[in-house]
Amino acid sequence: MVLPKGMDQPVFDKLRLQARLQIESKGKARPEYRPVNNPDDSVPLGLRCLPEASKGDIYFDLEAYPLFEPDGLVYLFGAMIMTHGKAQQKAWWAHSQSEEKLAFSTFIDWVTQRRKTYKDLHVYHYGAFEPSNMLRLSLLHSAKEAEVTTLIREGVFVDLYRIVRQALIIGEPGYSIKNVEKLYGETRSGDVTSAGDSIIGYACYCETGNEKYLREIRKYNIVDCESTKGLADWLREL
C-alpha cells in the first residue's frame with residue numbers, strides 16, 4: 001500500500017484504525033475503542049500520566065465569553081470536590097473584569113489552601129483551556145502569578161484530554177468530553193449541551209439580564225465537572 005505523501009506508517013495505521021472504529025460504532029450507544037500501544041516504556045504517556053486518586057482532588061471547568069471587550073471574560077469558575085462520598089459543587093461568578101480578578105484570585109487561594117490539607121491533590125480538567133487561562137489571568141490582572149506558576153510547575157493540573165488522546169483510539173468523530181463520555185456516562189440533555197451553547201446563553205443573559213440563562217449554564221458546568229470525575233475514575237479502571 002502506498003502511503004499518502006508526508007505520512008509515516010504508524011500515523012497511517014492509527015488513522016485507519018480510527019476510521020474502522022467509527023464505522024463499527026455506528027448505531028451503538030457506547031462506541032468501540034482500542035488502547036494505544038506506546039512501545040517506549042521509558043516515556044510516561046497516556047495512563048501512566050494519571051495520578052492516584054486523592055481525597056482532596058478537584059474537578060474543574062471554566063466558562064468564558066470571548067466577545068466581552070477588551071480581553072474576553074471568564075465568567076464562571078466551576079469546581080467539584082468529594083466530601084464523605086458526596087459531590088460538592090462550587091462556583092465563582094464574574095460579570096466584569098474586576099469581578100473576574102476577584103473570582104480568579106479567590107479560586108487560586110482556595111486551591112492553594114486546600115493543598116495544605118491534601119498535599120497529593122490534583123486539579124483535573126479536560127483540555128488546555130483551564131491552565132492556560134490561569135496563566136493568562138495571572139498576567140492580565142497581575143495577581144497570583146507565583147501561586148499559578150507553582151501549581152503548574154508541580155503538576156497539580158492534570159489534562160485528561162491529553163491522557164485520553166495518548167491512551168485510546170475511540171470510534172467517535174471527535175475527542176470532546178461529550179464524545180468521550182459516551183464510554184462511561186449518559187447522553188446529555190437540556191438547553192446548554194456544548195461550549196457554543198454556553199456562549200449563546202451568556203450573550204442572551206447580557207442582553208436581557210434574565211438569570212434563567214445563568215442557571216442553564218451552571219447546570220452544564222456542573223455536568224462537565226461530574227463528567228471529568230467520571231472520566232478520571234473510568235481511566236483508572238483501565
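**Strand pairing and loop geometry in a predicted model**

In the sheet, A64 of β2 stands opposite V74 in β3. The model is predicted, so that local features are described only at pLDDT of at least 70 and side-chain atom pairs only at pLDDT 80 or more, whereas totals for chains, interfaces and linings use all residues. Residues are numbered from 1 along each chain as its sequence is written, and side-chain values use heavy atoms, with hydrogens and water left out.

The protein chain contains eight helices and seven strands; helices (H or I, at least four residues) and strands (E, at least two) are DSSP runs numbered from the N terminus. The radius of gyration of the chain, taken over C-alpha atoms, is 19 Å, close to the 18 Å given by the globule rule for 238 residues, so the chain is as compact as a globular protein of that length. The globule rule is 2.2 Å times the number of residues to the power 0.38. Along the principal axes, the C-alpha atoms fill a box of roughly 60 × 40 × 40 Å.

Of the 238 residues, 42% are buried; a residue is buried under 20% relative accessible area, exposed over 50% and partly exposed in between (1.4 Å probe, protein chains only). The accessible surface of the chain comes to about 12900 Å², and 54% of this surface belongs to carbon and sulfur atoms. These areas come from the Shrake-Rupley method with a 1.4 Å probe. Among contacts with a separation of 6 or more, 69% are between residues 24 or more positions apart, where contact means heavy atoms within 4.5 Å.

Strand β2 (residues 58-65) is mostly covered, since seven of its eight residues are buried. Strand β2 is joined to β3 by seven bridges, and the two run antiparallel; strands count as paired if DSSP finds at least two bridges between them. Two bridges join β2 to strand β5 (residues 123-125), and this pair runs parallel. Within the β2 and β5 pair, Y59 has Y124 as its bridge partner. In a regular strand, side chains alternate between the two faces of the sheet.

Strand β3 (residues 73-83) is also joined to strand β4 (residues 86-93), by eight bridges in an antiparallel arrangement. In this pairing, M80 stands opposite Q89 in β4. The hairpin of β3 and β4 has two residues between the strands, and H84 takes a positive phi near 55° there.

Several loops also show particular backbone geometry. In the loop between β2 and β3 lies P70, and the peptide bond from E69 to P70 is cis, with omega near 5°. The loop between α3 (129-140) and α4 (145-153) contains S142, whose phi is near 50°, a positive value in a residue other than glycine. K144 is found in the loop between α3 and α4 and has a positive phi of about 55°, although K144 is not a glycine. S142 is exposed, with a relative accessible area of 56%, whereas K144 is partly exposed, at 23%.

A further loop, between α1 (9-25) and β1 (33-35), holds A29. This residue is exposed, with a relative accessible area of 72%. A29 and D120 are 91 residues apart in sequence and 36 Å apart in space, C-alpha to C-alpha.
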